[in-house]
Amino acid sequence: KYGKEYAMLCQRQGLDKEADDALAQVDDMYQTILNAGWDGEWFVRAYDAYENKVGSHECEDGKIFIEPQGFCVLAGVGIKEGHANKALASVEKILDTKYGIVLLQPAYKDYHLELGEVSSYPPGYKENAGIFCHNNAWIICAEAFVGHGDKAFEYYSKIAPAYREEKYSDLHRTEPYVYAQMIAGKDAKRHGEAKNSWLTGTAAWNFVAVSQYILGIIPDWNGLKVDPSIPHEWDGFTVSRQFRGNTYEITVKNPKHICKGVQSVTVDGKQIEGNVLPVFDGGVHTVEVVMG
């Protein structure tokens with residue numbers, strides 16, 4: 001993903017050779033991930049110093065990790081091959097719980113010298129199969145990216161403090177207005193209890209997840225892109241967004257009750273091609289987006 005964005009920046013600067021070299025590296029990495037990083041139903045987490053797989057069906061514990069499933073899908077790896085949907089389905093089947101997505105499964109039962117800290121915690125806590133809220137956002141983004149708006153918002157709701165306070169205040173036991181670093185996973189004695197509030201980058205990541213991936217208000221080089229991926233039940237939503245000295249008052253309508261897809265975009269009463277809003281010299285601009 002970022003390799004392609006770097007190449008685009010190079011192209012805009014007239015650095016065509018640098019851009020071509022970067023895209024060649026992107027292609028090499030793509031093939032490497034498919035050849036050495038695909039495990040059949042999900043993406044491998046890593047290889048250790050002894051060339052053993054981490055996060056593979058070949059492992060006794062830690063067969064699947066959350067991080068590569070989100071990052072590979074967001075990078076577009078395996079989408080055309082069908083791997084992306086398989087990986088996300090494995091997350092739902094193996095890692096998802098009613099309180100959020102655990103970091104790995106099965107939890108490590110013993111300490112592994114080559115893994116260190118990951119295996120040093122009790123099962124269900126912290127890096128050893130806890131619900132690490134920070135990286136739940138990467139799955140939320142990935143689900144929205146491929147158009148699974150229902151699932152993206154479901155995952156978002158599971159770890160959002162306001163939703164948790166409403167449903168599980170006696171169990172959650174941390175402040176109802178801030179994310180916790182982790183929520184005890186399904187291997188823990190108190191599955192669903194939060195730990196380490198404030199100690200996390202979850203709020204920032206979930207702001208990106210809900211604003212840029214679910215609502216789909218995305219800053220782009222050429223303007224402000226509107227590409228929602230929302231629950232199909234939603235009739236739509238409104239957003240006020242300041243961008244490059246302009247204020248865009250955006251109304252999104254979803255008459256067909258779909259999760260993703262833009263049928264038309266109107267800016268200040270005039271229909272535009274595509275879904276990237278033009279940049280003006282300032283002022284307030286009215287935008288209507290019809291999904292379809």
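**Briefing: fold, helix H3 and salt bridges**

At 25% relative accessibility, lysine 53 counts as partly exposed, because this value lies between the 20% limit for buried and the 50% limit for exposed residues. The model is predicted. Lysine 53 forms a salt bridge with glutamate 58, with 3.2 Å between the closest N and O atoms. Glutamate 58 has a relative accessibility of 55% and therefore counts as exposed. A search of the whole structure gives 15 salt bridges.

**Overall form of the protein chain**

- The secondary structure consists of eight helices and 17 strands.
- The radius of gyration of the protein chain is 21 Å, which agrees with the value near 19 Å for a compact globule of 292 residues.
- Along the principal axes, the C-alpha atoms fill a box of roughly 65 × 55 × 30 Å.
- Among contacts with a separation of 6 or more, 58% are between residues 24 or more positions apart.

**Surface and charge**

- Of the 292 residues, 49% count as buried.
- The accessible surface of the protein chain is about 14600 Å², and carbon and sulfur atoms account for 52% of this area.
- The protein chain carries 29 positive and 40 negative side chains, and the centres of these two sets are 4 Å apart.

**Helix H3**

- Helix H3 spans residues 67-74 and is mostly covered, with seven of its eight residues buried.
- The buried residues of H3 are Glu67, Pro68, Gln69, Gly70, Cys72, Val73 and Leu74.
- These buried residues pack against four helices and one strand, namely H2 (16-36), H4 (83-95), H5 (133-145), H8 (202-214) and strand S3 (64-65).
- Glycine 76, which follows H3, has a positive phi near 80°.

**Salt bridges around glutamate 193**

- Glutamate 193 and arginine 173 meet through their side chains in a salt bridge, at 2.9 Å from N to O.
- This pair links distant parts of the chain, 20 residues apart: arginine 173 is in the loop between helix H7 (161-172) and strand S8 (180-183), and glutamate 193 is in the loop between S8 and strand S9 (194-197).
- Glutamate 193 has a relative accessible area of 6% and is therefore buried, whereas arginine 173, at 57% relative accessibility, counts as exposed.
- Glutamate 193 also meets the side chain of lysine 195 in a salt bridge, at 2.9 Å from N to O.
- Lysine 195 is partly exposed, with a relative accessible area of 30%.

**A salt-bridge network**

- Glu92, Asp96, Lys151, Glu154 and Lys158 are joined into one network by salt bridges that share partners.

Definitions and conventions
Residues are numbered from 1 along each chain as its sequence is written. This is a predicted model: local features need pLDDT of at least 70, side-chain atom pairs count only at pLDDT 80 or more; totals for chains, interfaces and linings use all residues. Side-chain values use heavy atoms; hydrogens and water are left out. Helices (H or I, at least four residues) and strands (E, at least two) are DSSP runs, numbered from the N terminus. The radius of gyration is taken over C-alpha atoms; the globule rule is 2.2 Å times the number of residues to the power 0.38. Buried means under 20% relative accessible area, exposed over 50%, partly exposed in between (1.4 Å probe, protein chains only). Contact means heavy atoms within 4.5 Å. Accessible areas come from the Shrake-Rupley method with a 1.4 Å probe; for residues, only the protein chains shown count as cover. Lys and Arg count as positive and Asp and Glu as negative; His and the chain ends are not counted. The place of a charge is taken as NZ of Lys, CZ of Arg, CG of Asp or CD of Glu. A salt bridge is a side-chain nitrogen of Lys or Arg within 4 Å of a carboxyl oxygen of Asp or Glu.
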